[in-house]
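Welcome! Take a moment to bring up the structure and turn it slowly. We will walk through it together, one region after another.

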Amino acid sequence: MWTSYLDWGLADFSGYIAADELYDGPFCVLSIVDNRTFKRLLYQVLDHDPDHRDITAFFQRFRMALRLRRLKLQGVTTDASPLYPGPLHEVFGDIPHQICEFHIIKELTKAVLRAVAKVRKKLAAQKPVGQRGRPTTTAAKRIARRRQRLQQKVGDLFEHRHLFVQHDLTLADRRTLQQITRGLPQLRTLRELMEEVYRLFDRRCRTDTALAKLAKLRQRVHRFKQVGKILNKLRSPNLDKALTFLDDKLLPSTSNAVERGNRRHRKMQKTVYRVRTQEHIHNRIALDMLRDSQKDDRTKTIKVLHKARAS
């Protein structure tokens, strides 16, 4: 059955795969999915955390399946885990290795939101402490107004914090952003840097062009001392590898194909079964793959039944 499943899964093999690992208690599930047809091609359930030997053996199994069918691998997309670069180079040689764009941008957006939270905390600490009760003197009223303005500023920054990392902003969003960052130029710089980062992943660019833009962006961040320490993720070499897809129009920029299967597996854990052993996890995934392979025939059968009932 496994051979027939691979024949079905590799019949329209795109040449691009996504690989990922899923941790389920003491077990780990390694998966390879076609990154364009979204078919799970290979998996393995381990009873320990994977190391380079496990990943290498896993990729060697997949390479053997490709060789038997005279297929060639064109590119691989993974997350930023250090498990994959070494085994990929050892098994498949010098092939394009794309780091998932989503994981890189996720780390950058977390850093930006932490920077905004730090500014909110600093503003909250600047609120003056007044006397209890209704302010009556001129000085007390001045302190109350200043305290209210700072509290409003902190509230606005919290309510609209998503504007600092949102991909596209409308004119209304930009007016709101200008208003809440008045007197805080470092926050406006953060938003400008995020826009530059989003432009790096524009498919109309080439990898060399994007890397040149990234080098200038890193120099710009280095000049802003208040921002430079926060956005250390911009100096990560994984960001360079996340731009590999720009030279290949067919290479997907994310590993969503394999992540989708992992999300489905986690949902099954909550709704279908509770007792998890290595054998049960193995059988659960095998059943899920068998259902995928029968999906086309099942759809045709349903259409024929509906047509017969209608006539």
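Which residue in strand 3 is the bridge partner of V29? The partner is V45. Before we go on, keep in mind that you are looking at a predicted model. That pair of valines belongs to a larger pattern, for strand 2 (residues 27-34) and strand 3 run antiparallel to each other and are paired over 6 bridges. Together, strand 2 and strand 3 make a hairpin, with 5 residues between them. Look into the turn and you will find F38, which has a positive phi of about 60 degrees. Now follow strand 3 itself, residues 40-46. Of its 7 residues, 6 are buried, so strand 3 is largely enclosed by the rest of the structure.

Right beside F38 in the numbering is another residue to look at. K39 lies over the face of W8, at 4.1 Å from the ring centre. A second arrangement of this kind involves an arginine: R161 lies over the face of F158, and here the distance to the ring centre is 4.1 Å.

Rings can also pair with each other. How many aromatic pairs does a search of the whole structure find? The search finds 6. One of these is made by F13 and F62, whose ring centres are 6.2 Å apart; the planes are at 70 degrees, so the pair is edge-to-face. This pair links distant parts of the chain, since F13 is in the loop between helix 1 (2-9) and strand 1 (16-24) while F62 is in helix 2 (residues 52-68), 49 residues apart. Both F13 and F62 are buried. For another example, turn to F58 and F59: their ring centres are 6.3 Å apart and their planes are at 40 degrees, so this pair is tilted. Are these two rings buried or exposed? F58 has a relative accessibility of 2%, so it counts as buried. F59, at 0%, counts as buried too. F58 and F59 also belong to one aromatic cluster, together with Y84 and F92.

Let us move along the chain to helix 6, which spans residues 171-180. Its buried residues are D173, L177 and I180. Why do they lie on the same side of the helix? They cover an arc of only 75 degrees around the axis, which puts them on the same side of helix 6. Look at the other side of helix 6 and you meet L171, R175 and Q179, which are exposed. What covers the buried residues? Their cover includes helix 5 (138-159) and helix 7 (185-200).

Helix 7 brings us to the charged side chains. The whole structure holds 12 salt bridges. Among them is the one between R199 and E196, with a distance of 2.8 Å from N to O. These two residues are 3 residues apart in helix 7, which means that about one helical turn separates them. With a relative accessibility of 44%, R199 counts as partly exposed, and E196, at 30%, is partly exposed as well. Their salt bridge is part of a wider picture, in which R174, R191, E195, E196 and R199 are linked in a network of salt bridges.

Other salt bridges reach across the sequence. D247 forms one with R206, where the closest N and O atoms are 3.4 Å apart. D247 lies in the loop between helix 10 (237-241) and helix 11 (256-271), and R206 in the loop between helix 7 and helix 8 (207-223), so the pair ties together parts that are 41 residues apart in sequence. Both ends are partly exposed: D247 has a relative accessible area of 41%, and R206 has one of 47%.

Our last stop is the salt bridge between D240 and R218, at 2.7 Å from N to O. This pair, too, links distant parts of the chain, with D240 in helix 10 and R218 in helix 8, 22 residues apart. At 28% relative accessibility D240 counts as partly exposed, and R218 does so at 21%. R218 lies just on the partly exposed side of the limit, because a residue has to be under 20% to be called buried.

Methods. Residues numbered from 1 in each chain as written. Predicted model: local features only at pLDDT ≥ 70, side-chain atom pairs only at ≥ 80, totals over all residues. Heavy atoms only, no water. Buried < 20%, exposed > 50% of the residue type's maximum accessible area, 1.4 Å probe, protein only. Helix = DSSP H or I, 4+ residues; strand = E, 2+ residues; numbered from the N terminus. Arc of directions from axis to C-beta. Contact = heavy atoms within 4.5 Å. Pairing = 2+ DSSP bridges. Salt bridge = Lys/Arg side-chain N within 4 Å of Asp/Glu carboxyl O. Phe/Tyr/Trp six-rings, centres within 6.5 Å; stacked < 30°, edge-to-face > 60°. Lys NZ or Arg CZ within 6 Å of the ring centre and 35° of its normal.
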